[in-house]
Number of protein chains: 2
Amino acid sequence: MKVRLPMRDTPPPPFDLDAFLPYLLNQAAEASSHAFATIYRREYGMTRTQWRVMANLGKFGAMSATEICRISHLEKTMVSRAVSQLERDGHLSRAPSPDDKRREVLSLTTEGRAVFAELGARGMAFQAELAQMLGAARMAELEAALRVLIAQNRAPEGED
Amino acid sequence: MKVRLPMRDTPPPPFDLDAFLPYLLNQAAEASSHAFATIYRREYGMTRTQWRVMANLGKFGAMSATEICRISHLEKTMVSRAVSQLERDGHLSRAPSPDDKRREVLSLTTEGRAVFAELGARGMAFQAELAQMLGAARMAELEAALRVLIAQNRAPEGED
DNA sequence: TTGACATTGTTGCAATTGCAACCAATAACA
DNA sequence: TGTTATTGGTTGCAATTGCAACAATGTCAA
């Protein structure tokens, strides 16, 4: 049986990066996104930012760049450039807002919607694969935990 | 009771970026790392890569840059530069490997170990806060799920 | 031994990023 | 009104990134 011996001080447990949650999250994010990122990069010539802009327009319909910024938590510079490229590639079109001449209403073109439909379908298939790795219960738990972390740690609107 | 009506085709469920696991993981990673990143950036003038290099040297002791690359999954260019900066700032020192004149054995200086001890302690405190947000059970579940995703999705050594 | 190939770490360079400055349009308000 | 502040979006520029090329060293078989 264990006896409590007198000791000067307990050595502090060493920090282990490989068990540090932000690091694990980052590694999991990179690993899990890799295969899908390859699809929209190689097959559609899109960057991650372009894909996110398209995904938001695909889900929510027409909206302005600033709204996309708020929803997607992307820098407005990146959104501006992604929009230009998506427009150049015929995936979206801009329309001046009638009531506010500063705004531009962005919406997917027919071709953009087609690309979104394809990528969306493949995204859901991909997600199904991930769900299979974990099992449905674990997957749901994971999603819930991630939402807690996001809600509690998200920087409050333009901090830092 | 629901009756199966004849229909042309069921509308496919739309893709929702906000429920896409890679996206959620990325958002959770960014949100959860933000506060801690601020610490090593602002208080120690270190980048994320520098912190990771230091964390690995702190845990494993002396090792070469290439070994750090393998462990941390960082590009060798970034490691090379991070090492230069850490050396410039007195956090680590290089020693030529006696048996292989190409290699350099890297190790933290006394000062580097002190910084690692401080940051490590704060990292563990930070992790404890995160654990409190989720509860111990959820936290353990989360970690397990992340390890599964990493193991199953990690690109097999220099793919792409 | 030599010659082909692999490995370690650095650097050149082009592409990406992000902050700040900017322009134009609108809102707020004295 | 006129004046000032705010907002939507773009662009300049400096810093960061990452791939490819590189020099130096090491390995191994002919």
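Good morning. By contact I mean heavy atoms within 4.5 Å. In that sense, the contact between the two protein chains of this predicted model takes 61 residues from chain A and 61 residues from chain B.

Let me stay with that interface. Chains A and B bury about 5,700 Å² between them, with 65% of this area on carbon and sulfur atoms. The rule finds five salt bridges across it. One pairs Asp16(B) with Lys59(A), whose closest N and O atoms are 2.9 Å apart. The two chains also show 10 residue pairs in polar contact, both residues at pLDDT 80 or more. On chain B, the elements that each supply at least two residues to the side touching chain A are α1 (21-43), α2 (48-60), α3 (65-72), α5 (110-134) and α6 (136-153). Of these, α1(B) gives the most, with 17 residues. By class, that side of chain B divides into 33 nonpolar, 14 polar and 14 charged residues.

I turn now to DNA strand D. There are 19 residues around this strand, and Thr66(A), Ser80(A), Arg94(A), Arg102(A) and Lys101(B) come nearest. Sugar and phosphate make up 61% of the strand D atoms that come within 4 Å of the protein.

Which residues approach phosphate oxygens of strand D? A side-chain N or O atom of Arg94(A) is 2.3 Å from one, and a backbone N or O atom of Lys101(B) lies 2.7 Å from one. For Ala65(A), a polar backbone atom is 3.4 Å from a phosphate oxygen.

Among the helices, α4(A) gives the most to the surface near strand D, with four residues. That surface has 12 charged, five polar and two nonpolar residues. Thank you.

Key: Residues numbered from 1 in each chain as written. Chains lettered and ligands numbered in written order. Predicted model: local features only at pLDDT ≥ 70, side-chain atom pairs only at ≥ 80, totals over all residues. Heavy atoms only, no water. Near = heavy atom within 4 Å. Polar contact = N/O pair within 3.5 Å; in protein donor to acceptor, adjacent residues only side chain to side chain. Nonpolar A, V, L, I, M, F, W, Y, C, P; charged D, E, K, R; others polar. Buried area = accessible area lost by both parts, 1.4 Å probe. Salt bridge = Lys/Arg side-chain N within 4 Å of Asp/Glu carboxyl O.
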